[in-house]
Amino acid sequence: MGYSRNSALQHSLRQWFRLADWQHPFAVTLTLRQSVTVNDGHLATQVWLTETVASQNLRHFLNKLNRSIYGKASARFGRGVSCIPVLEGGGLKRLHYHAVIDCPRPEIAQEFPLLIAEHWRSTQWGYWQIDCQPHPDQNWINYITKYRDKPEYSDAIDWVNLRLP
């Protein structure tokens with residue numbers, strides 16, 4: 001994809017990802033383990049992280065987060081937190097997500113970063129480095145939609161896990 005097409009995509013994404021309709025958004029950075037050791041009982045094997053596995057891990061994390069916030073309604077009625085996830089890194093840089101995650105209930109806004117950290121670290125690929133800041137603005141959207149650290153710009157948005165309010 002050429003620069004002008006990426007520029008048009010970037011502009012469109014920045015217009016689309018407005019935070020005005022969000023309850024209590026948080027700017028979140030979630031890092032991933034780059035490999036894990038899997039033991040099948042006989043042999044330990046090193047498994048390396050791929051973009052597909054990273055997306056599956058994020059989906060698992062969001063399912064756990066949604067279940068802790070909405071209970072069984074998350075599965076029954078499809079309730080879930082709004083999330084704009086962008087995968088960055090690769091090559092020599094650790095794969096990580098920059099995201100905006102909305103806290104839908106004001107009474108849990110104080111403990112929301114702890115919920116995020118707890119559920120992220122409990123996933124197979126979740127790494128201990130997490131940053132969660134309240135009240136992101138358009139500058140955070142501009143940062144997560146930058147060109148740098150994205151081998152293929154259009155593939156950096158995790159469309160499978162994107163959920164807008």
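Where is the place of proline 151? Select that residue to begin: proline 151 belongs to the loop between α5 (138-144) and α6 (153-156), where helices (H or I, at least four residues) and strands (E, at least two) are DSSP runs numbered from the N terminus. The model is a predicted one, in which local features need pLDDT of at least 70 and side-chain atom pairs count only at pLDDT 80 or more, while totals for chains, interfaces and linings use all residues. Residues are numbered from 1 along each chain as its sequence is written, and side-chain values use heavy atoms, with hydrogens and water left out.

**The loop between α5 and α6**

Proline 151 is exposed, its relative accessible area being 68%; here buried means under 20% relative accessible area, exposed over 50%, and partly exposed in between (1.4 Å probe, protein chains only). Add glycine 90 to the selection: its C-alpha atom is 7.7 Å from that of proline 151, although the two residues are 61 residues apart along the chain.

Next select aspartate 149, found in the loop between α5 and α6. Aspartate 149 has a phi near 70°, a positive value in a residue other than glycine, and is partly exposed at 23% relative accessible area. Then move to histidine 135, in the loop between β6 and α5. Histidine 135 also has a positive phi, of about 60°, although it is not a glycine. With a relative accessible area of 63%, histidine 135 is exposed.

**The hairpin of β4 and β5**

Select residues 83-90, strand β4, of whose eight residues seven are buried. Extend the selection to β5 (residues 93-103): seven bridges join β4 to this strand, and the two run antiparallel. Strands are taken to pair if DSSP finds at least two bridges between them. Two positions can be picked out along the pairing: isoleucine 84 stands opposite valine 100, and proline 85 stands opposite alanine 99. β4 and β5 form a hairpin with two residues between them. In the turn, glycine 91 has a positive phi of about 65°.

**The sheet and the helices across it**

Now display the whole sheet. It is open, and its four strands follow the order β4-β5-β1-β6 with antiparallel pairing. β4 and β6 (126-134) are the edge strands, each pairing on one side only. From one strand to the next the twist averages 15°.

Add helix α2 (residues 51-70), which lies across β1 (24-32), β4, β5 and β6 and runs at about 30° to β5. Axes are lines fitted to C-alpha atoms, for helices over the stretch in contact, and angles run from 0 to 180 degrees between N-to-C directions. Helix α4 (residues 112-121) lies across β1, β5 and β6, at about 160° to β6. Which residues in α4 are buried? They are Phe112, Leu115, Ile116, Ala117, His119 and Trp120. These buried residues pack against β1, α2, β5 and β6, contact meaning heavy atoms within 4.5 Å.

**Asparagine 161**

Go on to asparagine 161, in the segment after α6. Is this residue buried or exposed? Asparagine 161 counts as buried because its relative accessibility is 1%. A polar atom of its side chain lies 3.1 Å from the backbone oxygen of serine 55. The side chains of asparagine 161 and aspartate 158 are joined by a polar contact of 2.8 Å. A polar contact is a pair of N or O atoms within 3.5 Å; within protein, one must be able to donate a hydrogen and the other to accept it, and residues adjacent in sequence count only if both atoms are side-chain atoms. Leaving aside neighbours within four places in sequence, asparagine 161 is in contact with Ser55, Leu58, Arg59, Leu62, Cys83 and Pro85.

**Aromatic rings**

To finish, show the aromatic side chains, which make seven aromatic pairs. In one pair, the rings of tyrosine 127 and tryptophan 128 have centres 5.6 Å apart and planes at 45°, so the pair is tilted. Rings of Phe, Tyr and Trp (its six-membered ring) pair if their centres lie within 6.5 Å; planes under 30 degrees apart count as stacked, over 60 as edge-to-face and the rest as tilted. Tryptophan 128 is exposed, at 53% relative accessible area. Trp16, Phe17 and Trp159 are linked into a cluster by ring pairs.

Select arginine 94 as well: its charged end sits over the ring of tyrosine 127, 4.0 Å from the centre. Such a placement requires NZ of Lys or CZ of Arg within 6 Å of the ring centre and within 35 degrees of the ring normal. The last stop is lysine 146, over the face of tyrosine 143 at 3.8 Å from the ring centre.
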